[in-house]
Every structure is written in structure tokens, then in C-alpha cells.
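These are my notebook entries on one structure. I record what I looked up and what I found.

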Amino acid sequence: MSETNMGRIPVGEPIPLRFDTTTKQRLEEYAAGIGPRRFGALVRVAARRLLADPDRVPQALTQARRASADARRIPWAERPLDLDPATGTRLNELAHEFHTDRSAIVRVALHRFLAAAGRFRHPVLREDARTDLTSSTRVYLNRSTLDRLDRLIGRNGDALTAAAIRVAVRRLLDDPGDLAADLGTIGAARDLKPETLGPRTNVHFDDDLRDQLDALAERLDSNRAELMRLAARQLLANPRDLEKAVTEEIYRGDANRDLLIARDTRRRQTVDQTTAASAVRKAPSPQGNPFGKRHVFRFDEDTKRRLEELADEYGPRRLSALLRVGIRRLIGSPHADGDLAQARRVAAAARALPHDPVTLRLDSPTAARFAALAARYEASPRDLVAVAVHRFLTAPGDFRPALIDEAGASRLDEKFKVSLRPSARRGIERLADRHGTRLASALVRVAVRRLLDDPGDLAGDLETVAPVHDLRPAPRTARVDVALDDELLVHLDALADRLGSDRQELVYLAAKRILRFHHNIDNRMLDEMFRAPTSRKHLLAKHARREKTRRTDRGSDT
């Protein structure tokens with residue numbers, strides 16, 4: 001197949017690629033919206049857009065790697081460390097001199113020890129026999145480092161890991177070397193989980209596109225797969241003119257271009273006619289199926305169980321009819337907006353995550369300003385800290401100098417017991433970890449000082465930001481199929497548009513309302529179950545016979 005007569009698949013062998021599940025699903029959705037078998041063309045469009053601006057790729061690749069590493073970090077392993085007072089003092093002084101913490105220095109010490117252990121058996125045995133270890137602290141290390149240290153020390157008998165850590169610390173204190181550089185590269189390094197990628201996908205690339213991709217990967221010390229994952233994320237972040245670009249990618253040849261475009265035009269016209277016909281379709285004939293197509297909704301297990309128990313009172317397979325009754329009552333209710341607002345408040349309160357307790361330490365002058373600001377706006381310290389952290393995370397700017405100054409601050413005698421949303425606390429910890437561990441409290445103080453220097457529209461933020469809670473996802477895993485006719489769907493969608501909601505939320509609200517107010521709905525249920533006029537009399541008689549049998553089985557003659 002030549003360049004002038006290409007057809008749908010370009011020249012070249014397929015390249016195996018792997019994407020994460022979310023990215024692959026979104027790519028498939030975009031491709032399906034353009035036309036059948038468009039996934040490969042969409043991926044090639046992403047590759048061409050990435051290669052069209054190679055100067056921006058290094059920075060984007062670095063940011064993507066950093067974001068992936070942040071998402072895959074493994075928590076530190078906490079380890080007790082006992083030192084003699086003199087060594088503990090030297091370690092604290094070194095940490096203060098380099099504006100870091102003891103854990104980062106110990107991590108550098110262990111890295112150097114493992115890289116060049118030398119003759120360590122006798123120093124470790126002497127260190128294990130010491131009895132003047134009265135200065136205790138806790139350090140945070142990578143689990144892989146501890147595993148390597150255990151294997152190294154365990155070759156000579158007992159794994160004297162604690163003594164080996166002290167030997168490594170003393171070696172570093174005697175010869176710090178280029179500690180500043182090691183703190184930035186080694187002290188901040190974290191163990192990472194492997195990337196979770198989906199199954200392999202083969203995409204055909206022509207020789208020129210593949211060579212350009214390989215050249216860029218070699219220049220950036222990367223590979224095809226990593227660059228294509230970056231290209232896919234950039235395409236999904238800015239999906240401009242995708243349909244035109246994919247069409248150009250598919251119909252690249254001249255010989256059959258007109259034929260393929262004409263075929264695509266006919267396919268689109270057929271789809272448009274089918275969509276238009278379905279849009280004007282009337283409600284199903286009552287002589288056939290009067291209930292319409294089935295639609296899937298998600299409820300929590302308890303609500304579904306209660307609905308099934310109530311529906312069983314009216315006969316088998318009556319759940320769909322019960323929900324339709326609930327939907328019709330909701331549509332006809334003049335208080336639907338109030339019920340929806342109340343349901344949202346109750347759901348948010350039930351799913352609200354508790355705030356994480358935090359201790360805010362300030363020096364006396366700053367604490368006085370902080371208390372005065374809280375009194376002026378009649379706010380609690382927790383609300384002020386929530387607003388300060390929210391503003392800081394929204395626009396952190398260049399905070400490193402202020403963080404260094406705050407990390408070395410002393411005489412923080414005033415304490416305030418406050419709390420933060422879990423997501424806000426994680427955001428603060430992620431920013432702080434880039435400059436060293438255990439700096440989150442200093443970063444909160446930086447945010448508070450910014451708020452004190454520039455309160456801005458603090459009254460508005462206290463009303464909108466401070467009361468916000470993190471919410472757990474709604475636990476709706478039970479599937480319920482409900483047959484809804486077109487007329488009922490039109491009314492349901494109109495109510496959703498008026499209330500700023502959707503079908504799922506309104507059907508769930510209708511289910512909760514019918515469970516609370518289900519008295520005297522027998523006639524409504526009969527009307528909903530037997531809507532076809534031709535068979536209504538027959539079905540009503542069958543229902544009466546079944547009800548008589550059911551009540552006789554219960555021991556009642558009524």
C-alpha cells in the first residue's frame with residue numbers, strides 16, 4: 001500500500017502501547033463519537049500534536065513524572081533511633097544548618113553507607129554494645145532502604161539494624177561532604193508503587209511518525225510508551241478540532257479519498273436520520289408495551305431492599321411500577337425543589353469526612369494578630385486556618401524562602417487547636433514534601449501569615465470556604481432497571497433542568513419519598529401496572545384472583 005493509495009490503515013507495523021484505564025476509556029469514548037474504528041487514528045493525532053511542539057515536551061514530561069510519583073508514593077517506615085547526647089546534638093545542629101529534618105539526613109547517611117559499606121562489622125558490634133544511648137527520636141525511612149540494610153547486616157549473623165543506622169549517622173557527621181546536593185536528590189527520594197496500566201493496545205504508525213517519536217524519546221531519555229501516554233493526556237486536556245484532525249488522519253491518500261469521504265457522509269446522514277426519528281417518536285402504543293425502554297439507575301443496597309419489600313405487597317415484579325408511581329408523584333409535587341435541597345443536605349451530612357486535628361504553633365506577636373483578626377470577624381481559629389490554607393493551595397506562588405524562614409522559627413509558644421479537611425491537609429503535605437519532610441506545620445504558618453498580611457474578602461471566604469467538608473462517594477452500587485415511557489422521560493428531564501439535577505438524582509429522591517409516604521397508593525399502583533386498555537379487564541381479574549390466593553395462604557378470609 002503506497003502513500004498515494006493508503007486507505008484506513010497507514011504504512012508501518014503496529015506499535016504496542018499501554019494506557020491507564022481512565023485514559024483508555026476516555027480515548028475510546030472520543031473515538032466512538034467520531035466514528036467506528038477511529039481509536040488508532042485518534043492516537044496518531046495525539047502523537048502528531050505532541051511532535052508539533054517539541055520544545056514544551058520536556059517540561060510537560062517532568063510535570064507528568066512528578067505527578068505520577070506523587071500519586072504512587074509509599075508511606076515512610078517509622079523507625080526509632082537512639083543516640084548518645086553528643087551525637088544527637090550534632091545531628092540537630094546539622095539539620096538546622098541545612099534547613100531540613102533529622103530523617104532526611106539519616107536517609108542520606110544510609111544511602112552512602114549502602115553504596116560504600118566498607119569494613120563495618122566491628123564498628124557495628126561496638127555500637128551495639130553501647131549503654132549511653134539516652135537521646136531518643138524517630139526517623140522516617142524508605143522501606144526498600146531498610147530491607148537492603150537488613151540483608152547487608154544479616155549476612156554476618158544477627159541483623160543489628162539499629163546499630164548499623166548509628167554507624168552510618170556517625171560516618172556522615174564525621175564527613176558531611178556535599179550534603180546539600182544529596183539532601184535534594186537522595187533525602188527527598190521516595191519508594192514508589194509500580195504504575196497501574198491496562199492491557200496492550202496495538203496502533204499502526206507510519207515510518208516517519210515512528211522515527212520522529214523515537215528521536216524525541218532518545219533526546220529526552222524516555223520511550224515511546226511514556227511519550228504516547230503524555231500525548232494522550234494532552235489531547236484529552238485540550239480536545240480541539242478532533243473530528244477534523246481524525247478525518248484527515250484516516251483519509252490521507254488521494255486515490256480513494258473522495259470515495260471514503262462520501263461513504264462517511266452517507267453514514268453520518270443515516271445516523272442523523274435515526275436520531276431525528278427517535279427524537280420525534282411518540283409514546284408507545286398502549287396495545288403493545290406501554291412502559292417504554294428500560295433505564296438503569298443506581299441505589300444503595302438498603303434502599304433497594306426496602307423498595308423490593310414494598311413492591312412485593314403488590315405482586316411479583318412490581319418494583320418498576322412502584323418507582324414510576326414515585327416519579328409521577330415527585331413530578332406533580334409543588335415542593336420538589338425543597339425536597340431535593342433537603343435530600344442533598346442530608347446526603348452531604350451523612351458523607352462528610354471528619355476534619356483532621358492540627359496544632360497551630362505561633363509566636364506571641366503573631367498569635368495576638370491572629371486572635372484579633374478572629375475577634376474582628378467573629379470567626380473561630382479553625383475557620384481562619386481553613387481559609388488561609390485554601391487561599392494558599394489555590395495560589396502558592398514562590399513560598400520556598402518563607403518556608404525556610406518559618407522552619408527555623410523559634411519561641412512558638414502559643415498553641416491553637418484547629419482542624420483541616422483531609423484533602424487540604426494532603427495538599428499541604430504534598431507541597432511540603434517537595435522541600436523536605438515534616439514541614440507541613442511550617443507551611444500552615446506561612447499560609448496564616450499571608451492571611452494576616454492580606455485578609456482580602458475574608459467575610460465572603462468565611463461563608464463559602466470554611467464550612468466546606470470533604471465527602472465520601474455516594475455508596476450506590478445496587479442496580480435497578482426501570483421502564484420509562486417517552487412522555488414520563490420528558491417531564492422528568494424538564495424537572496431536572498428546572499432544579500439543576502439529573503435523572504439519577506431525581507429517581508433516587510422519588511424512591512426515598514415513596515418509601516416514606518406510601519399510604520393509599522393502591523389505585524395508583526393498579527393504574528400503573530395495567531395501563532393497556534385492551535388487556536386491563538383481564539389483568540385486573542388475574543390480579544384479584546392472585547390477591548385472593550395470597551390472602552388465603554396468610555390465613556385471612558377477607
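**Entry 1: the annotated stretches**

I began with residues 206-233, where the chain is 82% helix and 0% strand. The C-alpha atoms at the two ends of this span are 22 Å apart. I looked up the record for these residues: an unreviewed UniProt entry lists 206-233 as "coiled-coil region". I note that the model I am reading is a predicted one.

I then turned to residues 200-237, which UniProt lists, again in an unreviewed entry, as "domain: Ribbon-helix-helix protein CopG". For this span I found 71% helix and 11% strand. Its end C-alpha atoms lie 23 Å apart.

**Entry 2: salt bridges**

How many salt bridges does the structure hold? I noted a total of 33. As a general point, side chains of opposite charge can pair when their charged atoms come close. I examined several cases.

In the pair of lysine 24 and glutamate 28, the closest N and O atoms are 3.5 Å apart. Both residues belong to helix α1 (residues 21-34), and because they are four residues apart there, about one helical turn separates them. Is lysine 24 buried or exposed? Its relative accessibility is 18%, so I entered lysine 24 as buried. Glutamate 28 has a relative accessible area of 39% and is therefore partly exposed.

I found a similar arrangement in helix α20, where arginine 425 and glutamate 429 are four residues apart and thus separated by about one helical turn. They form a salt bridge, with 3.4 Å between the closest N and O atoms. Arginine 425 is partly exposed at a relative accessible area of 31%, and glutamate 429 is partly exposed at 32%.

I next looked up arginine 449, whose side chain meets that of glutamate 406 in a salt bridge of 2.6 Å, N to O. This pair links distant parts of the chain, since arginine 449 is in helix α21 and glutamate 406 is in helix α19 (residues 400-407), 43 residues apart. Arginine 449 is partly exposed, with a relative accessible area of 23%. Glutamate 406 has a relative accessibility of 5%; values under 20% count as buried, so I entered glutamate 406 as buried.

Which residues are linked in a network of salt bridges? I listed Asp84, Glu127, Arg130, Asp132, Arg166 and Arg170.

**Entry 3: a patch of positive charge**

On the surface I located a patch of positive charge, in which Arg66, Arg426, Arg430 and Arg434 gather. I followed one of its members, arginine 434, to the loop between α20 (422-433) and α21 (440-453). With 47% relative accessibility, arginine 434 counts as partly exposed.

**Entry 4: contacts across the sequence**

I then looked for positions that are far apart along the chain and compared their places in space.

Alanine 104 belongs to helix α5 (residues 102-115). Its C-alpha atom is 9.4 Å from that of aspartate 182, although their positions lie 78 residues apart in the chain numbering. I recorded alanine 104 as buried, because its relative accessible area is 3%.

Glutamate 248 is placed in helix α12 (residues 242-250). What is the distance in space between glutamate 248 and alanine 41? I found 9.1 Å from C-alpha to C-alpha, for two residues that are 207 residues apart in sequence. Glutamate 248 is partly exposed, with a relative accessible area of 40%.

**Entry 5: positive phi values**

My last search was for residues other than glycine with a positive phi.

Histidine 99 has a phi near 55°. I traced histidine 99 to the loop between α4 (85-97) and α5, and its relative accessible area of 43% makes it partly exposed.

Arginine 411 is not a glycine either, and its phi is positive at about 60°. Where is the place of arginine 411? I found arginine 411 in the loop between α19 and β7 (414-420). Its relative accessible area is 65%; values over 50% count as exposed, so I closed the entry with arginine 411 as exposed.

How values were computed:
Residues are numbered from 1 along each chain as its sequence is written. This is a predicted model: local features need pLDDT of at least 70, side-chain atom pairs count only at pLDDT 80 or more; totals for chains, interfaces and linings use all residues. Side-chain values use heavy atoms; hydrogens and water are left out. Patches are made of residues with over 30% relative accessible area and no salt bridge: like charges are joined within 9 Å, nonpolar side chains (Val, Leu, Ile, Met, Phe, Trp, Tyr) within 5 Å. Accessible areas come from the Shrake-Rupley method with a 1.4 Å probe; for residues, only the protein chains shown count as cover. A salt bridge is a side-chain nitrogen of Lys or Arg within 4 Å of a carboxyl oxygen of Asp or Glu. Lys and Arg count as positive and Asp and Glu as negative; His and the chain ends are not counted. The place of a charge is taken as NZ of Lys, CZ of Arg, CG of Asp or CD of Glu. Buried means under 20% relative accessible area, exposed over 50%, partly exposed in between (1.4 Å probe, protein chains only). UniProt positions are given in the numbering used here, feature names are shortened, and annotations may be inferred rather than shown by experiment.
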